[in-house]
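Student: I want to learn how to read cysteines and internal cavities in a model. Where do we start?

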Amino acid sequence: MVARKPIIPEHGSLVTSPLDKPTYVTSPALPPLSEFIEYLEVIWKNKQVTNQGPFHRQFEEELAKYLGVQYISLFTNGTLALVTALQALRITGEVITTPFSFVATTHSLWWNNIKPVFVDIEPDTFNLDPKRVEAAITPRTTALLPVHVYGNPCDVDALQEICDTYGLKLIYDAAHTFGVKFNETSLVDFGDLSILSFHGTKVFNTFEGGAIISHDPSTKKRIDFLKNFGFAGETAVVAPGINAKMNEFQAALGLLQLKYIDENIAKRKAIAKKYREGLKNVRGIRFMDDMPDVKHNYAYFPILVDEEIYGKTRDELYGELKRNNIYGRRYFYPLISSFPTYRGLESANPTNLAVASRAAEQVLCLPIFPTMVHEVQERVLDVCANRDSAS
Ligand SMILES: Cc1ncc(COP(=O)(O)O)c(C=O)c1O
């Protein structure tokens with residue numbers, strides 16, 4: 001059989017301006033290909049493509065150093081990291097979580113036969129509201145699964161206090177938080193476990209990938225068994241594990257990406273600053289400011305469109321951006337609680353989730369990524385501000 005050549009999109013040669021081609025909400029940050037090829041050459045020589053190879057070991061070490069954490073386990077994606085984290089802590093029964101997230105958060109509970117209990121979010125951060133959590137605790141509750149939405153920290157102290165009082169585990173879906181610090185501490189160091197995603201859409205990517213951050217060697221050991229079918233040795237299987245290992249290609253890319261991550265976050269920060277400048281006088285559009293004591297990663301740039309003041313709905317603005325070749329994303333709309341799998345749950349009733357329901361109707365994430373060019377950002381701002389150059 002003859003191997004096929006990769007297909008290069010034809011429109012590539014016709015593009016004359018960055019505005020002629022679509023701009024999506026993000027574009028994966030990739031290092032120079034020539035540098036990655038050097039890593040591939042090592043893999044070709046070693047002939048070790050997976051199963052805790054040398055790049056896996058090195059990336060785990062370097063990543064722990066970069067994030068300032070002690071114990072980290074690499075995964076093939078963030079979803080399997082979430083599923084495995086729940087297994088690692090033997091979570092059962094009911095888990096309190098947020099409806100304002102990517103579906104994988106709740107799906108990880110479903111795959112573990114755990115009942116999700118949705119609780120509303122805070123109006124400022126869109127994170128799980130600790131003030132509403134206690135009322136949702138029952139004798140079957142075993143854990144909380146909050147999300148640091150857009151990389152903005154949850155109220156970690158209040159959530160920890162609830163977990164300490166009621167004897168619950170605290171697992172953070174920290175998929176958006178790569179590099180975020182709160183009071184000089186890595187945000188992934190809070191709770192019992194935190195989960196990262198290195199998907200192509202994230203601030204830091206290994207094409208696909210993920211990790212669990214734990215706090216002691218025996219928990220890390222159990223997680224590492226679980227992600228490798230439960231193998232504890234050549235012939236010993238100590239748990240019904242799964243295959244969720246990160247391969248050598250992902251780990252090699254991760255190592256290389258660490259070299260560029262600070263530069264990429266700095267570029268994102270500059271874009272966020274420009275958005276804030278450009279939108280501050282647009283009536284009816286709100287955006288989130290930096291939070292005190294937080295080092296942000298500028299993973300997303302969400303805006304909130306107030307139809308009454310702005311004069312147009314969020315969806316009308318979304319459509320206008322599309323007509324200008326700009327594809328924002330309505331993260332997170334619809335709410336997870338409204339999908340068929342979950343909408344029958346008592347906690348999924350929209351009257352229980354008023355803040356989340358309103359946020360889902362108003363939110364739009366504008367494009368933000370390190371290689372975004374000035375011309376495109378100006379066009380986004382023109383469309384948002386109803387200025388003439390927009391089509
Ligand atoms: C909040 C959240 N949790 C979990 C995931 C799942 O991660 P992955 O795509 O790496 O499986 C994502 C995104 O993809 C996410 O945004």
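Tutor: Start with one cysteine sulfur and its closest partner. In this predicted model, the sulfur of Cys365 has its closest cysteine sulfur in Cys384, 12 Å away, which is too far for a bond.

Student: What kind of bond would that be?

Tutor: A disulfide is a covalent bond that joins the sulfur atoms of two cysteines. The cut-off for a pair is 2.5 Å. Seen from the other side, Cys384 has its closest cysteine sulfur in Cys365, at 12 Å, so no bond forms there.

Student: How many disulfides does a search of the whole structure find?

Tutor: Zero.

Student: Is Cys365 buried or exposed?

Tutor: Buried, with a relative accessible area of 0%. Cys384 also counts as buried, at 0% relative accessibility. The cut-off for buried is under 20%.

Student: Now the cavities. How many of 30 Å³ or more does the structure hold?

Tutor: Three. The largest cavity has about 140 Å³ of space.

Student: Which residues lie nearest the centre of the largest cavity?

Tutor: Asn152, Arg276, Met288, Tyr300 and Pro302, out of a lining of 16 residues.

Student: Which elements each supply at least two residues of that lining?

Tutor: Helix α8 (248-279) and strand β13 (301-305).

Student: And what is the lining of the largest cavity by class?

Tutor: Count the residues in each class. Ten are nonpolar, three are polar and three are charged.

Student: Let me recap. The search finds zero disulfides, and the largest cavity has ten nonpolar residues in its lining.

Technical notes: Residues numbered from 1 in each chain as written. Predicted model: local features only at pLDDT ≥ 70, side-chain atom pairs only at ≥ 80, totals over all residues. Heavy atoms only, no water. 1 Å grid on protein atoms, 1.4 Å probe; cavity = no way out; pocket = protein on both sides within 12 Å on 5 of 7 lines; lining within 4 Å. Points joined across faces, edges and corners; volume = space filled by probe spheres on them. Helix = DSSP H or I, 4+ residues; strand = E, 2+ residues; numbered from the N terminus. Nonpolar A, V, L, I, M, F, W, Y, C, P; charged D, E, K, R; others polar. Buried < 20%, exposed > 50% of the residue type's maximum accessible area, 1.4 Å probe, protein only.
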